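Me: I would like to learn how to read a predicted model feature by feature, taking the general idea before the particular case. Could we go through one together?

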Amino acid sequence: MDDLPTLVWLANLAALELHVPQWTVGPRGAIHSPDLMVFDLDPGAPATIVEACEVARLLRDLLADDGLDSYPKTSGKKGLHLYVPVKESDRTSEYAKRAAQRLESDHGGLVVSKMDKRLRKGKILVDWSQNNPAKTTVAPYSLRASESPGVSTPVTWDEVENCRKPADLAFTPDEVLARIDEHGDLLEPLLREGPPLP
C-alpha cells in the first residue's frame with residue numbers, strides 16, 4: 001500500500017486490520033523467498049508486554065551474536081514483535097525455531113517455544129511459526145480491532161528497555177502519527193537487504 005487510491009480501496013473494504021506475509025512479490029506476481037523474519041512474543045497471563053520486553057532484549061542479544069539486527073514493534077494488543085531483515089532465504093522458519101528453542105533452554109522460567117496453551121501460563125511464547133509462507137503477521141501501523149483501538153506501533157529499544165507497565169507501550173492512532181513526526185519510520189531499515197542467515 002503505497003498510494004492514496006490503494007488506501008481508499010482498503011478503507012472501502014472496511015479493512016481495519018492489515019496482515020502481511022514475510023516475503024515480497026516480484027514482477028508479474030512472482031513470490032520471492034522470505035527476506036524478513038518475525039518473532040511474535042505472546043504473553044500468557046498473568047505475563048504482559050512487560051515480560052515480553054524482557055524476552056525481546058534476550059532475543060535481540062541472541063540475534064546480534066549471529067550478526068542479525070532486530071527491530072521491535074508492538075502487536076497493538078498484548079504482545080511484541082521483533083522483525084529481522086535477512087537476505088532472501090528458505091531457512092527463516094528453521095532458524096527462528098532454533099532461536100526460540102535456544103531461548104527456552106536458557107530461560108525456561110520465562111520462555112516457551114511450543115504452542116501448547118497449558119505451557120504458556122506466566123510465560124512468553126516465542127512464536128517462531130509465523131515464518132511459514134502460509135501465515136501473516138499484523139502490519140506495522142495497522143489498527144487493531146479491539147475494545148479500545150490500538151495500533152501495531154514500531155518502538156525504540158530504549159522504550160522496550162524502559163517498559164514498566166503495559167500502558168507504556170500502548171498507542172492510539174493519533175499518538176502514532178505524532179510518533180512518526182518525532183521519530184520518522186523506525187522500521188525503515190527493513191526496506192534494505194539484511195545479512196545472510198548464519
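Reply: Let us begin with strand pairing in this predicted model, where four bridges join β5 to β6 and the two strands run antiparallel. Within that pair, the partner of threonine 74 is leucine 80 in β6, and the hairpin of β5 and β6 has five residues between the strands, with glycine 76 taking a positive phi near 90°.

Me: What is the order of the strands in the open sheet, and how many strands does the sheet have?

Reply: The open sheet has five strands in the order β5-β6-β4-β8-β7, and its pairing is mixed. Its edge strands are β5 (71-74) and β7 (111-112), each of which pairs on one side only.

Me: Which way do β4 and β6 run, and how many bridges join them?

Reply: Strand β4 (residues 36-43) and strand β6 (residues 80-85) run antiparallel and are joined by six bridges. Two positions help to locate the register by eye: methionine 37 stands opposite valine 84 in β6, and aspartate 40 stands opposite histidine 81 in β6.

Me: Where does the mixed character of the pairing show itself?

Reply: Compare the two pairings of β8: four bridges join β4 to β8, which run antiparallel, whereas two bridges join β7 to β8, which run parallel. Isoleucine 124 in β8 is a useful place to look, for proline 43 stands opposite this residue, and valine 111 stands opposite this residue as well.

Me: How should I read the directions of the side chains along a strand?

Reply: The general idea is that in a regular strand the side chains alternate between the two faces of the sheet. In β6, Leu80, Leu82 and Val84 point one way and His81, Tyr83 and Pro85 the other way, and all are buried. The strand is accordingly described as mostly covered, with six of its six residues buried. In β8, Ile124 and Val126 point one way while Leu125 and Asp127 point the other way, and here too all are buried.

Me: Which strands does helix α3 touch where it packs on the sheet?

Reply: Helix α3 (residues 92-106) touches β4, β7 and β8 (124-127), and its direction makes about 35° with that of β4.

Me: Is serine 70 buried or exposed?

Reply: Buried is the reading here, because the relative accessibility of serine 70 is 6%, and the cut-off for that class is under 20%. Serine 70 lies in the loop between α2 and β5. Leaving aside residues up to four places away in sequence, serine 70 touches Arg60, Leu63, Leu82, Tyr83, Val84 and Trp157.

Me: How is empty space found, and what is the volume of the largest pocket?

Reply: In general, rolling a probe the size of a water molecule over the atoms shows where empty space is left. The largest pocket in this model has a volume of about 850 Å³. It is lined by 28 residues, of which Val20, Leu36, Ala139, Pro140 and Leu191 are the closest to its centre. At least two lining residues come from each of α1 (4-12), β1 (19-20), β2 and β6, and the largest share, three residues, comes from α1.

Me: Where is the confidence of the prediction lowest, and where is it highest?

Reply: Confidence is lowest in strand β2 (residues 23-25), at a mean pLDDT of 72, and highest in helix α2 (residues 49-65), at 98. For the protein the mean pLDDT is 92, and 100% of the residues reach 70 or more. When you inspect the pocket, recall that β2, the strand with the lowest confidence, is among the elements that supply its lining.

How values were computed. Residues are numbered from 1 along each chain as its sequence is written. This is a predicted model: local features need pLDDT of at least 70, side-chain atom pairs count only at pLDDT 80 or more; totals for chains, interfaces and linings use all residues. Side-chain values use heavy atoms; hydrogens and water are left out. Two strands pair if DSSP finds at least two bridges between them. Contact means heavy atoms within 4.5 Å. Axes are lines fitted to C-alpha atoms, for helices over the stretch in contact, and angles run from 0 to 180 degrees between N-to-C directions. pLDDT is the predictor's confidence in each residue, from 0 to 100. Buried means under 20% relative accessible area, exposed over 50%, partly exposed in between (1.4 Å probe, protein chains only). On a 1 Å grid over the protein atoms alone, a cavity is a set of points where a 1.4 Å probe fits but cannot get out, and a pocket is an open set with protein on both sides within 12 Å along at least five of seven lines; lining residues have an atom within 4 Å of a point. Grid points are joined across faces, edges and corners, and a volume is the space filled by probe spheres set on the points.
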